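Thanks for making time. I have one structure to go through, and I will keep to what can be computed from its atoms.

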Amino acid sequence: MEAVSRKYSHKNTGWRLFLATIFARAYPRIVGQQREISWLVFDLIMPMLGVTAYVFVYRALNAPEEYVGFVVMGGAMTAFWMNILWSMSSQLYWEKEQGNLALYIMAPNSMMAILLGMALGGMLATALRALVVTLFGIFIFGVTYTVSSYLQLFLVFMLAMIALYGMGMMMASAFLLFGREAWHMANLAQEPVFLASGFYFPIKSLPFWVAAGASIIPLTLGMDAMRQLVFPSGFQFGFLDVNIEIGILLVLSISFVTIAKFLLAYIEKIAVREGRVTESRR
Amino acid sequence: MQPTISWRSFRMAAWLGWLIESNWTDPFLFAVYSIVKPISGAAILVVMYSIISGGNFDNAMFPYIYLGNAFYIYVGAVMTGVSWAVVDDREHYKTLKYMYIAPIHIPLYLLGRGVARFVTGSIAVFITLAAGILFLNVKINFAEVDWLLFFVTLILGVVMLALLGLLLAGVTLTVARHEGFIGEATAGALYIFSGAIFPLDVLPEWLRPIGYFMPTTYWLELLRRSLIGNVAEIFPTLAGFSNLEILGVLFGLSVLFGAVSIWVFRYCDAIARERGLIDRTTNY
C-alpha cells in the first residue's frame with residue numbers, strides 16, 4: 001500500500017493519459033533529432049535543391065513568375081505529405097518490425113495519441129523544412145506573398161492539417177494490414193500524389209474530374225485555396241471558390257479523424273483477438 | 001581477396017536484392033507499381049511543360065526535358081539501391097552484423113544489392129521512354145541512334161552511379177535513420193546541377209561550375225546526343241565539345257568520383273566499426 005501512494009505511482013487516465021502519451025511518443029523523436037543532426041542535410045537542404053530544379057524548369061520555359069511561387073509553395077507542402085507518409089503511416093509498420101507495436105497495444109493508452117505524438121515529434125523537422133523552402137523562395141527567387149484574408153488562410157491551413165493528419169492515421173491502420181507491402185505503398189504514394197494534387201502546378205490545369213478525385217487528398221484543396229489567398233493573381237488559377245474549399249476541408253477533417261478512430265480501434269481489436277497484426281512477417 | 005569471394009558476394013547480393021524488391025506482392029501489382037511511379041514523375045514535367053507551352057510538344061526543349069528526366073531515374077534508383085541496403089540490413093532485417101562477419105566482400109555485397117534497383121530502374125526508364133515515343137511525340141529515329149555511344153555511356157554512367165551509391169552507403173553507416181533516403185535526397189540535389197531537365201545555362205553563372213564538375217551532366221548529355229543528336233546539339237551548354245571529348249570528360253570524372261567514393265566508404269566503414277555502429281538501430 002505504501003508503494004502505490006508514493007509520488008510516481010499515480011496513474012494518468014482520460015485526457016491526461018492522452019496528452020502524456022502524445023508527449024511520450026514525441027519526446028524520443030525530438031531528442032533523437034537533437035542528438036544527431038545529420039537529418040538537416042538529407043531531409044532539409046537536399047530536398048530543397050530538388051524543388052529548386054522545378055523553379056528552373058519554369059524559368060527555362062519563360063513561365064510567368066506566379067508559377068515560381070506555386071512551385072515554392074508546393075515544395076514547402078511536400079514536407080507535410082512526406083511526414084505523414086514516412087513518419088506516421090509507414091512508421092507504425094516499422095514499429096511493428098522493431099517490436100514496439102505490441103507494447104503500444106498492450107499499454108493502456110490510445111493509439112491515436114501515439115500517432116499524434118509521432119506527428120508532433122516529426123513536426124520540428126517538417127515545419128522547419130516547410131519554413132526553409134518558403135524563406136528560400138522569398139530571398140532567392142523573389143517570391144512575394146500578398147495575403148488577401150488572414151482568417152481564411154488560417155482556417156484553410158488548420159483544416160488541411162487536421163484532415164491530412166487524420167488521413168495519416170487512417171493510412172497507418174491500413175498500412176499495418178498490408179504487411180511488407182506498406183513500404184512500397186508509401187513509396188508509391190509520392191510522385192502520383194505530387195502529380196494529382198498539383199504540388200508544382202495549379203490543380204485547375206488537370207481535367208475537372210481528375211482534380212475533383214484528387215481533392216480527397218486534403219493538400220489538393222488546401223494548396224489550391226492557399227495559392228488563391230497568398231498570390232495576387234492566384235484567383236485566376238483557382239479550382240474552386242475558397243469558401244467551398246474550406247467547407248470541403250471541414251468535411252474531410254471530420255470524416256478522416258472519425259474513420260481513423262474506428263480503424264485504429266479495429267486494428268487494436270484484431271491485434272488482441274488474433275495476435276497477428278503485431279507479428280513481424282519478413 | 002579471392003575472385004570467387006568477390007563474385008559470390010556480388011551475385012548473391014544481387015539475387016537477394018531482387019527477391020526483396022520483387023517478392024512482396026504478386027507480379028501484376030509489381031508491374032503496376034513499376035509503371036505508375038515513373039510515369040507519374042514524368043507526367044509532372046509533361047503537365048508543367050504543356051501548361052506553359054500550350055501543348056506544343058514539337059519544341060526541342062520538350063525532348064531535352066523528357067529524356068533527361070527519363071534517364072535520371074537511374075540516378076535515384078542506383079544510388080538509393082546501394083545506400084538503402086545499409087539501413088535495410090542494419091535496422092530492418094538486422095542482418096548487417098552477420099554480413100560483416102561472413103566471408104564476403106562488403107562493398108561488393110552493397111553494390112550487388114543495388115542491382116535490383118538498377119533492374120527496376122531500367123524497367124521504369126524503358127516505360128517512360130516508350131510512353132514518350134508513343135503518346136507525347138518524342139521523336140527518336142532508331143535507325144539514326146548511335147547505339148555504340150549509347151551503350152558505352154549507359155554502362156559507364158551506371159558504374160559511376162553505383163560507386164556514388166557506395167559513397168552514400170558509407171555515409172549512411174555513420175548516421176542515424178531519419179525519415180528520408182540519403183540516395184534520393186542526393187539525387188534530388190543533383191537534379192539541379194546535372195542539366196537533367198533544363199540546360200545549365202538557366203542556372204546563375206556562379207552555380208554553373210558545380211554542374212560542369214558533375215559527371216551526371218556529361219552522362220545525360222551523351223545519352224541525349226546518342227538518341228537525338230540533332231536536337232541535343234541545339235543547346236549551347238556543351239555545344240563546343242565533340243562526343244568523344246565529352247566521353248573523355250565523363251570517363252575522367254567517373255574515375256575521380258569512383259576513387260573518392262571508395263576512399264570515403266573505407267573511411268566511414270572504419271569509423272562505423274570503431275564506434276560500434278554496424279548493428280545500431282535508430283527508431284525515432
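**A loop, two chains and a helix packing**

I start in the loop between α9 (215-232) and α10 (243-275) of chain B, where B:Thr237 lies. Before going further, note that this is a predicted model.

How exposed is B:Thr237? It counts as partly exposed, because 18 C-beta neighbours fall inside 10 Å, and a residue needs 20 or more to be called buried. Leaving aside neighbours within four places in sequence, B:Thr237 is in contact with B:Gly195, B:Pro199, B:Leu200 and B:Asp201. There is also a pair to look at on the screen: B:Thr237 and B:Tyr212 are 25 residues apart in sequence, and their C-alpha atoms are 9.4 Å apart in space.

Now the chain around that loop. Chain B has 10 helices and 0 strands. Read along the sequence, the pattern is α-α-α-α-α-α-α-α-α-α. The C-alpha atoms of chain B fill a box of roughly 55 × 40 × 40 Å along the principal axes. What radius of gyration does chain B have, and what would a compact globule have with 284 residues? Chain B has 20 Å, and the globule would be near 19 Å, so the two agree. Buried residues make up 47% of the 284 residues in chain B. On contact order, take the contacts in chain B between residues at least 6 apart in sequence: 85% of these join residues at least 24 apart.

Next, two helix pairs in chain B, both involving α3. The first partner is helix α6. Helix α3 (residues 61-92) of chain B and helix α6 (residues 147-174) of chain B pack at an angle of about 35°, and their axes are 8 Å apart. The crossing of α3(B) past α6(B) is right-handed. Which residues of α3(B) meet α6(B)? On the α3(B) side they include B:Tyr74, B:Val78, B:Gly81, B:Val82 and B:Ala85. On the α6(B) side they include B:Leu161, B:Ala162, B:Gly165, B:Leu168 and B:Thr172. By class, the residues of this contact between α3(B) and α6(B) are 16 nonpolar, 4 polar and no charged.

The second partner is helix α5 (residues 106-135) of chain B. Its axis and that of α3(B) come within 8 Å and cross at roughly 160°. That makes α3(B) roughly antiparallel to α5(B), because angles over 145 degrees are counted that way. The crossing of α3(B) and α5(B) is right-handed. In the contact of α3(B) with α5(B), the residues divide into 17 nonpolar, 7 polar and 2 charged.

Past the end of α3(B) there is a backbone point worth a look. B:Lys94 has a positive phi of about 55°, although it is not a glycine. B:Lys94 sits in the loop between α3 and α4 (96-101) of chain B. Is B:Lys94 exposed, partly exposed or buried? It is partly exposed, because 14 other C-beta atoms are within 10 Å.

Chain A has a residue of this kind too. A:Asn62 is not a glycine, yet its phi is positive, at about 55°. Where is A:Asn62? It is in the loop between α2 and α3 of chain A. A:Asn62 counts as exposed, because it has 8 C-beta neighbours inside 10 Å.

For chain A as a whole, the secondary structure comes to 11 helices and 0 strands. The C-alpha atoms of chain A fill a box of roughly 75 × 40 × 40 Å along the principal axes. With 282 residues, a compact globule would have a radius of gyration near 19 Å, and chain A has 20 Å, so chain A agrees with that rule. Of the 282 residues of chain A, 48% count as buried. Among contacts in chain A with a separation of 6 or more, residues 24 or more positions apart account for 80%.

Last, the interface. How many residues does each chain give to the contact? Chain A gives 41 residues and chain B gives 41 residues. On the side of chain A that touches chain B, the elements that give two or more residues are α1 (14-35), α2 (39-60), α3 (66-98), α7 (181-188) and α8 (191-196) of chain A. The largest share of that side, 14 residues, comes from α2(A). By class, the side of chain A that touches chain B has 22 nonpolar, 10 polar and 9 charged residues.

That is what I have for today.

Technical notes
Residues numbered from 1 in each chain as written. Chains lettered and ligands numbered in written order. Predicted model: local features only at pLDDT ≥ 70, side-chain atom pairs only at ≥ 80, totals over all residues. Axes fitted to C-alpha atoms, helices over the stretch in contact; angles between N-to-C directions. Helix = DSSP H or I, 4+ residues; strand = E, 2+ residues; numbered from the N terminus. Left-handed = near helix turned anticlockwise from the far one by under 90°. Contact = placed C-beta atoms within 7 Å. Nonpolar A, V, L, I, M, F, W, Y, C, P; charged D, E, K, R; others polar. Rg over C-alpha atoms; globule rule 2.2 N^0.38 Å. Buried ≥ 20, exposed ≤ 12 C-beta atoms within 10 Å, placed from the backbone. Parallel < 35°, antiparallel > 145°, perpendicular 65-115°, else oblique.
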